[in-house]
Amino acid sequence: MSDLTKLTAAELAASLASGEVSSVEATEAHLERIRAVDGDVHAFLHVNDAAIDVARGIDERRGAGEQLPELAGVPLAIKDVLVTTDMPSTSGSKILEGYMSPYDATVVRKAREAGLVALGKTNMDEFAMGSSTEHSAYGPTRNPWDLDRIPGGSGGGSAAAVAAFEAPLALGSDTGGSIRQPAHVTGTVGVKPTYGAVSRYGSIALASSLDQIGPVARTVLDAGLLHDVIGGHDPHDATSLAHDWPSFAAAAREGATGEVLKGLRVGVVRELTGTGFQASVEESFRASVALLEAHGAEVVEISAPHFEYATAAYYLILPAEASSNLAKFDSVRFGMRVEVPGGTVEDVMSATRDAGFGPEVKRRIILGTYALSAGYYDAYYGSAQKVRTLIQRDFADAFDKVDVIATPSAPTTAFRLGEKLDDPLAMYANDLATIPANLAGVPGISVPSGLASDDGLPVGIQFLAPAYEDARLYRVSAALEALLVDEWGAPLLDRAPVLNGEAR
Amino acid sequence: MSDITPDLVRHLGVLARIQLSDEEVTSLTGELDAIVASIAQVSEVATSDVPATSHPIPLENVFREDIPGDMLTTDEALRNAPDSDGTRFRVTAILGEEQ
């Protein structure tokens, strides 16, 4: 039954609903796949021992004639940034090794209520700080397209799990591109919803004015199905939006007809092309834009003059907020504690935080502490917040002229493990196309646009829409996805190398 | 060049409660210097007429009725504690000898 892992979540859901396949069979197939390939890929930090029991419970309810939600019985991988009561939650950090949360994150609770079967927790850069998963305290995840390359980050585990057919769906978090950039380098689909559209309650906070939870999948429709489950207002999250969201699965289904492209105004950002972008990435991007144009879209060049300051502003705002959020790791209430003979609480705390945090986390905490210090606050943090206003204005001006903005999702294809690990600024540059959406709170999606002509690795195209217009992203990307899959003759991931699961 | 010195990094470590080793101070000094030089460009466009944005979507403060809810039991609260006496978190001395 190993081909069950090749089904999309929508196909699997249909087979489950018709009784053709049981959730136990579907879950066992994915656990078998994890056993076969995860020694190489290392997408998972923890595999759920109880998954089969949960699946059996779904089968019994369905067998008893209960009407279940569409995704009931479909397996789900969960990024380790989200807390779970039945599995450890570490956020990729040693300081939280073995931490068992007393409550479930809201999105996890909603997924369980919808009958999704939690397969396990996926690897990530420590506290979601990174673009490669190499900053995980538990070792990197590898890209299923080339095991010597990075799967993106911070959500490389969720993207790799989906790309390697270890799970049909996964949950991710996106603070500066941590859902979209891994989607780009693994040939998968990732969505960062509008800020506040999905609850962050139970997401171990990185930068609270930027963090957003979203779906990771192999198709636009599957992402929409999962988004429908996890979205909506949550009284436990004070930044959660009270808004009447449409069905994103319905938007994806409607978009696949291609009607949406007729007269659609697509903006291409002058500042996000050329220098800094791998030629083959830009080539793939241009080909997708031309395809949209050939099917009725109007392509408009737009300018976003302040996007070039986005990465700089982001690396002030994020460390500032992270240094505050990570103050909770004090060695008293939870997490690691290092023994310091005769030491005070403060000595123990300082020794613990030195031992428990990895180099990138320390770098950002120290940077954030600096940016927030008296004398520097106005010049750095204050200025960065002003840049945020300017970037919002750039988006507002752009969306006066166009319906969606299209960009390459990231400047390069997957780079080799270790290549940028010792150069923080080179690592930070990976997020230059994804960061503006987080600073402005607008939704973004990355969908595969093809394979790069030079290295044969996946490339993603990013669409951005105004805040609250997440459904527009699903319509437009489903339309492009349908055209591209038609052109390719099969989904992009069919061309990924076979993982044989043998020791490397 | 920014003003990042080893002494400043050591001081930031104290503020952030991270006991940095000498090697960490040395590497962080160089790295922060490069990072700060790169991100300082924000001040080029952050002129006084531009208002600051703290949150991307304008939000109002959220209140709820002041009634107890969503509480953890003592056991749940202590379950992840590095040390406790069963009812409270246990820590080492709050004050050092010199205090």
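This note comments on the core, the chain contact and some backbone features of a predicted model.

1. Residues are numbered from 1 along each chain as its sequence is written, with chains lettered from A and ligands numbered from 1 in the order in which they are written. Local features need pLDDT of at least 70 and side-chain atom pairs count only at pLDDT 80 or more, whereas totals for chains, interfaces and linings use all residues.

2. The largest nonpolar core (buried Ala, Val, Leu, Ile, Met, Phe, Trp, Tyr and Cys residues joined through C-beta atoms within 7 Å) has 177 residues. A residue is buried if 20 or more other C-beta atoms, placed from the backbone, lie within 10 Å of its own, exposed if 12 or fewer, and partly exposed in between. Those with the most contacts inside this core are A:V74, A:L76, A:V117, A:A313 and A:L316. Its largest share, 10 residues, comes from helix α10 (residues 310-325) of chain A; helices are DSSP runs of H or I with at least four residues, strands runs of E with at least two, numbered from the N terminus.

3. Chain A gives 57 residues to the contact and chain B gives 47, two residues being in contact if their C-beta atoms, placed from the backbone, lie within 7 Å. On the side of chain A that touches chain B, α13(A) provides the largest share, 11 residues.

4. The peptide bond from A:G153 to A:S154 is cis, with omega near 10°. A:S154 is found in the loop between β3 (117-122) and α5 (156-163) of chain A.

5. A:S331, not a glycine, has a positive phi near 70°. A:S331 is buried, with 27 other C-beta atoms within 10 Å.
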